[in-house]
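Please open your viewer and keep the selection panel at hand. This tour goes from the whole chain to single residues, one selection at a time.

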Amino acid sequence: MKTLRQTLSQPKQHIVRFASIAMPLLIAFVLPTTAYAGGPATDPSCEGIQAAYPILGTQCENAYKRINHSPSTPDERFATFTARKTVLQIFRKAAVCNAVVYDTPSSEQQRFLRDEPGHLEALTNVRDAMVNANDRNIPPEFTIRDLREIRMTRQQCK
């Protein structure tokens, strides 16, 4: 026969078991949504990306700082090419995250990416300058096809 103490402690064990199962599930579902509390990126700038996706925004700002708008040496041209390519990739990642996380309409996606062709042209111009200057380290071309291959998961959109 159980004592009164054993009887009273038994329901608590069920509560503790339930809580030990429920809390991790609650954290798993609530925490990811708090990471996206800023809403989709609507301003096509590193700052706009930063507001919606802090990690991507920080990467964008750091890469943008490395862009030299008048590179004159092979090292400067290579660094500028790499930085411009990184910024383009981050903008595309932010647009993909807008679709994956917030299911934004394609019209908003197009508005966010409207300047992409001009940035691709600037990237091509830097690469062409590298070719014309006979730089030793010339990266492969980067095109719209490369940008279209970018995929992101909800988890990566931070």
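**Stop 1: one buried residue.** Select T80 and show its surroundings. Leaving aside residues up to four places away in sequence, T80 touches R66, I67, N68, P71 and V126. Its home is helix α4, which spans residues 74–102. Is T80 buried or exposed? The relative accessibility of T80 is 1%, so T80 counts as buried. Keep in mind throughout that you are looking at a predicted model.

**Stop 2: the whole chain.** Now zoom out and switch to a cartoon. The protein chain contains seven helices and zero strands, so coloring by element from the N terminus simply gives α-α-α-α-α-α-α. If you color by accessibility instead, buried residues come to 30% of the 158 residues. A contact map is worth a glance too: of the contacts with a separation of 6 or more, 61% are between residues 24 or more positions apart.

**Stop 3: the largest nonpolar core.** As background, nonpolar side chains in soluble globular proteins tend to be buried together. Select I49, Y53, L56, C60, F91 and F112 and show their side chains: within the largest nonpolar core, which has 22 residues, these touch the most other members. Which helices each supply at least two residues of this core? They are α2 (46–52), α3 (54–65) and α4. The greatest share comes from α4, with nine residues.

Stay with Y53 for a moment. Beyond residues up to four places away in sequence, Y53 touches P40, A41, A94, C97, N98, Y102, C157 and K158.

Next, select F81, L88, F142 and L147. These are among the nine residues of another core, which lies apart from the largest one.

**Stop 4: α3 against α4.** Hide everything but these two helices. A packed pair of helices is described by the angle between the axes and the distance between them. Here, the axes of α3 and α4 come within 8 Å and cross at roughly 160°. Since angles over 145 degrees count as roughly antiparallel, α3 is therefore roughly antiparallel to α4. The crossing of the two helices, α3 and α4, is left-handed.

To see the contact itself, select L56, Q59, C60, A63 and Y64 on the α3 side, then A83, T86, V87, I90, F91, K93, A94 and C97 on the α4 side. Coloring this contact by class gives 10 nonpolar, two polar and one charged residues.

**Stop 5: K85.** Remaining on helix α4, select K85. With a relative accessible area of 29%, K85 is partly exposed. K85 touches L123 and F142, again setting aside residues up to four places away in sequence. F142 is one of the residues you selected in the nine-residue core. For a distance label, try K85 to A63: the C-alpha atoms are 9.0 Å apart, while the residues are 22 apart in sequence.

**Stop 6: two positive phi values.** Finish with two loop residues:

- Select D103, in the loop between α4 and α5 (106–112). Its phi is near 55°, a positive value in a residue other than glycine. D103 counts as exposed, at 65% relative accessibility.
- Select N134, in the loop between α6 (116–132) and α7 (144–148). N134 is not a glycine, yet its phi is positive, at about 55°. The relative accessible area of N134 is 66%, so N134 is exposed.

Methods. Residues are numbered from 1 along each chain as its sequence is written. This is a predicted model: local features need pLDDT of at least 70, side-chain atom pairs count only at pLDDT 80 or more; totals for chains, interfaces and linings use all residues. Side-chain values use heavy atoms; hydrogens and water are left out. Helices (H or I, at least four residues) and strands (E, at least two) are DSSP runs, numbered from the N terminus. Buried means under 20% relative accessible area, exposed over 50%, partly exposed in between (1.4 Å probe, protein chains only). Contact means heavy atoms within 4.5 Å. A nonpolar core is a set of buried Ala, Val, Leu, Ile, Met, Phe, Trp, Tyr and Cys residues joined through side-chain atoms within 4.5 Å. Axes are lines fitted to C-alpha atoms, for helices over the stretch in contact, and angles run from 0 to 180 degrees between N-to-C directions. Angles under 35 degrees count as roughly parallel, over 145 as roughly antiparallel, 65 to 115 as roughly perpendicular and the rest as oblique. A crossing is left-handed if the near helix is turned anticlockwise from the far one by less than a right angle, and right-handed if clockwise. Ala, Val, Leu, Ile, Met, Phe, Trp, Tyr, Cys and Pro count as nonpolar, Asp, Glu, Lys and Arg as charged, and the others, Gly among them, as polar.
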